[in-house]
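Biologist: I am new to this structure and would like a close look at how its strands are put together. Could you take me through the pairing slowly, and then follow the side chains that lead away from there?

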Amino acid sequence: MTKSPNQPFRSQSSSPLSHESKGTPPSGGVPLLVAEGICKTFGEHRANDDISLRLAAGEILCLLGENGAGKTTLMNILFGHYVADAGTITVAGQPLPPGSTQAALRAGIGMVHQHFTLAGGLTVLENVVLGTQSLWSLRDVRANARVRLQTLMNDVGLRVDLDALVDTLPVGQRQRVEILKVLYRQARVLILDEPTAILSPQECDGLFTTLRALAARGLAVILISHKLEDVMRISDRIAVLRDGRLVGEVAAAKAKRDDLVRMMIGRSLTQVSKGTSEGNDQDTGEPVLVLRKVSVRKGRDRLCDVSVSVRQGEILGIAGISGNGQSLLADVIYGLVRPDQGEVRLYGEAISSTQQVIDAGVGRICEDRLGTGMIAGMSVAENAASTRRRIPPFARWGWYIDNRAVRARAQDYQQQFDVRCRHIGQPIAELSGGNIQKLILARELADQPRFILAHQPSRGLDAGAIAFVHECLIQARKQGAGILLMSEDLDELLALSDQVAVIFEGTLSAPLARDEATVSRLGLLMIGHADEIENEKIEKKSKRHAH
């Protein structure tokens with residue numbers, strides 16, 4: 001079948017593919033994508049070990065696995081970023097040349113990375129067309145491109161203002177632009193890396209509706225995710241990788257969460273729940289952190305009249321879509337940014353510098369674990385002491401670093417927190433995300449801080465690592481620490497927090513008690529629809545009076 005420019009992925013059948021037919025080509029048919037015997041080694045590490053996958057037109061395949069299981073490596077091989085050491089890939093029966101993203105794009109493979117690759121200063125139309133034509137002819141093709149994109153958006157239900165600057169769009173619409181870029185290039189296979197990690201629940205619903213519509217038109221989708229509920233909800237088939245090998249495949253309709261976890265990590269997990277958090281025997285104590293009417297502007301980020309208090313033995317959760325002021329709030333609390341107005345008090349003392357916060361022994365779990373939380377060029381041992389070098393036992397006479405003490409502490413961290421590395425002299429950048437996070441937890445929590453600033457503590461981690469992080473936070477709470485937990489994962493917030501507030505465009509809502517903080521209510525606050533919540537309250541109140 002010949003594809004028209006406006007129908008890049010329409011299936012040969014006029015009706016949507018049935019759920020039962022997905023993943024199984026008709027008798028004698030050829031799967032759209034076939035990967036056979038894929039192997040890839042980095043030094044002594046075997047990232048992919050004889051992996052074979054098949055993908056049919058109209059199928060949504062979800063790829064699960066622990067951090068370091070080989071998921072992203074496999075996708076990068078499919079998209080031409082890496083060259084496999086062994087194995088073959090075919091698309092619609094035709095061999096795919098290795099190591100060429102251009103060849104992958106020509107074959108109809110498109111990839112949307114977790115961190116978007118958009119030019120913020122260009123319009124949506126310019127971003128979509130960019131790279132498909134010479135820059136010299138960009139002006140000439142805009143009119144035709146606009147018509148194609150309007151037709152494409154009408155066909156698949158993806159609505160974006162083509163003349164809007166990308167910088168002005170909320171994160172959910174930026175993701176739509178990335179998907180439109182792929183579809184505009186007539187993709188037949190769409191790879192999505194952690195697509196729901198930065199979306200509100202309502203935006204996730206919209207994304208899943210779009211993916212189902214695309215699959216019904218014949219597009220094949222591979223989705224990488226750590227969120228098991230999302231995987232079971234959207235996929236037709238689930239493939240699980242562990243230690244670089246494909247250990248199982250299952251139809252999503254028959255999948256069970258516990259079975260998927262066991263395939264991923266080789267054991268069952270005890271879920272951290274609200275009940276676990278309520279197991280704290282002591283009442284909340286004095287405030288450890290207080291912000292009063294804090295306002296600050298830094299570049300495009302801002303905080304507006306933010307007031308919040310965190311008490312001993314309490315986890316206060318802050319929900320919000322990325323880019324609404326969470327990072328600036330964390331920097332203000334840690335003393336990296338001084339507020340233009342208002343005050344920040346830690347243990348009753350006004351914060352005047354980052355060193356004051358460090359010397360006070362605050363535990364900080366950074367949003368960017370490798371860029372901010374660790375120093376990539378240093379070893380595991382050096383990073384283990386990187387925020388405590390002025391504090392005994394690492395310091396001698398105020399300036400001398402006792403390397404023997406540094407190594408001994410790093411070995412303790414390695415054993416107590418199960419940090420898996422070849423040796424403590426290994427560069428931190430060579431560790432998986434989960435093991436880097438474990439070292440951060442060890443460094444920041446081992447001395448039982450009174451206050452913990454936890455910013456996206458489980459982002460991008462597998463189920464086993466997430467459970468470990470959650471258990472560490474719960475234990476710190478039981479020991480009396482006050483914890484400010486900022487996360488875009490509502491399930492995480494609802495499982496751990498005593499109260500949850502929402503930050504939107506730099507403004508922080510009043511905290512909701514845990515039994516009032518539903519996913520729906522938090523989701524509406526995250527996209528600025530507080531008025532809908534008030535209307536809901538008024539409607540419920542009116543119904544009660546009517547009865």
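**Strands, their partners and their surroundings**

Modeller: In this predicted model, strands β1 and β2 run antiparallel and are joined by 7 bridges. To place one of these contacts along the chain, take alanine 35, which stands opposite leucine 53 in β2. The two strands belong to an open sheet of 4 strands, whose order is β2-β1-β4-β5 and whose pairing is antiparallel. At the edges of that sheet stand β2 (45-55) and β5 (94-95), each of which has a single partner strand, so that one side of each is left without a neighbour in the sheet. A helix also belongs in this picture, since α1 lies across β1, β2 and β4 and runs at about 120 degrees to β1.

Strand β1 also leads to the aromatic rings. How many aromatic pairs does a search of the whole structure find? The search finds 2 aromatic pairs. In one of them, phenylalanine 42 and tyrosine 82 meet edge-to-face, with 5.5 Å from centre to centre and 70 degrees between the planes. This pair links distant parts of the chain, for phenylalanine 42 belongs to strand β1 (residues 33-42), while tyrosine 82 sits in the loop between α1 (71-78) and β4 (86-91), 40 residues apart. Phenylalanine 42 is partly exposed, having a relative accessible area of 38%, and tyrosine 82, at 32%, counts as partly exposed as well.

Phenylalanine 417 and phenylalanine 468 form an aromatic pair whose ring centres are 6.0 Å apart and whose planes stand at 75 degrees, so this pair is edge-to-face. Here, too, distant parts of the chain are linked: phenylalanine 417 lies in the loop between α13 (403-416) and α14 (433-445), and phenylalanine 468 lies in helix α15 (residues 463-478), 51 residues apart. Phenylalanine 417 is buried, with a relative accessible area of 11%, whereas phenylalanine 468 is partly exposed at 23%. The ring of phenylalanine 468 has a charged residue over its face, namely lysine 438, at 5.5 Å from the ring centre. Elsewhere, arginine 148 lies over the face of tyrosine 184, at 4.1 Å from the ring centre.

Returning to the strands, let us turn to those that pair in the parallel sense. Strand β6 (residues 109-112) and β7 pair in this way over 4 bridges, and methionine 111 stands opposite isoleucine 191 in β7. On going further, β7 is joined to strand β8 (residues 220-224) by 5 bridges, and these two strands run parallel. Isoleucine 191 stands opposite isoleucine 222 in β8, and aspartate 193 has isoleucine 224 of β8 as its bridge partner. Strand β8 is in turn joined by 4 bridges to strand β3 (residues 60-65), with which it runs parallel, and isoleucine 60 stands opposite valine 221 in β8.

Why can β7 be called largely enclosed by the rest of the structure? Of the 5 residues of strand β7 (residues 189-193), 5 are buried, and this is why the strand counts as largely enclosed. Val189, Ile191 and Asp193 point one way from β7, Leu190 and Leu192 point the other way, and all are buried. Strand β8 can be read likewise, since 5 of its 5 residues are buried, so it is largely enclosed by the rest of the structure. Both faces of β8 are covered, with Ala220, Ile222 and Ile224 buried on one side and Val221 and Leu223 buried on the other.

Another open sheet of 4 strands has the order β12-β11-β14-β15, again with antiparallel pairing. Its edges are formed by β12 (301-311) and β15 (349-350), each with a single partner strand, so one side of each is left without a neighbour in the sheet. Within this sheet, strand β11 (residues 287-298) and strand β14 (residues 341-346) pair in the antiparallel sense over 5 bridges, and the bridge partner of leucine 291 in β14 is valine 344. Helix α10 (residues 326-333) packs on the sheet, where it touches β11, β12 and β14, and its direction makes about 120 degrees with that of β11.

Last come the cysteines. A search of the whole structure finds 0 disulfides. Cysteine 204 is buried, with a relative accessible area of 8%, and cysteine 421 is buried at 17%.

Terms used. Residues numbered from 1 in each chain as written. Predicted model: local features only at pLDDT ≥ 70, side-chain atom pairs only at ≥ 80, totals over all residues. Heavy atoms only, no water. Phe/Tyr/Trp six-rings, centres within 6.5 Å; stacked < 30°, edge-to-face > 60°. Buried < 20%, exposed > 50% of the residue type's maximum accessible area, 1.4 Å probe, protein only. Lys NZ or Arg CZ within 6 Å of the ring centre and 35° of its normal. Disulfide = S-S within 2.5 Å. Pairing = 2+ DSSP bridges. Contact = heavy atoms within 4.5 Å. Axes fitted to C-alpha atoms, helices over the stretch in contact; angles between N-to-C directions.
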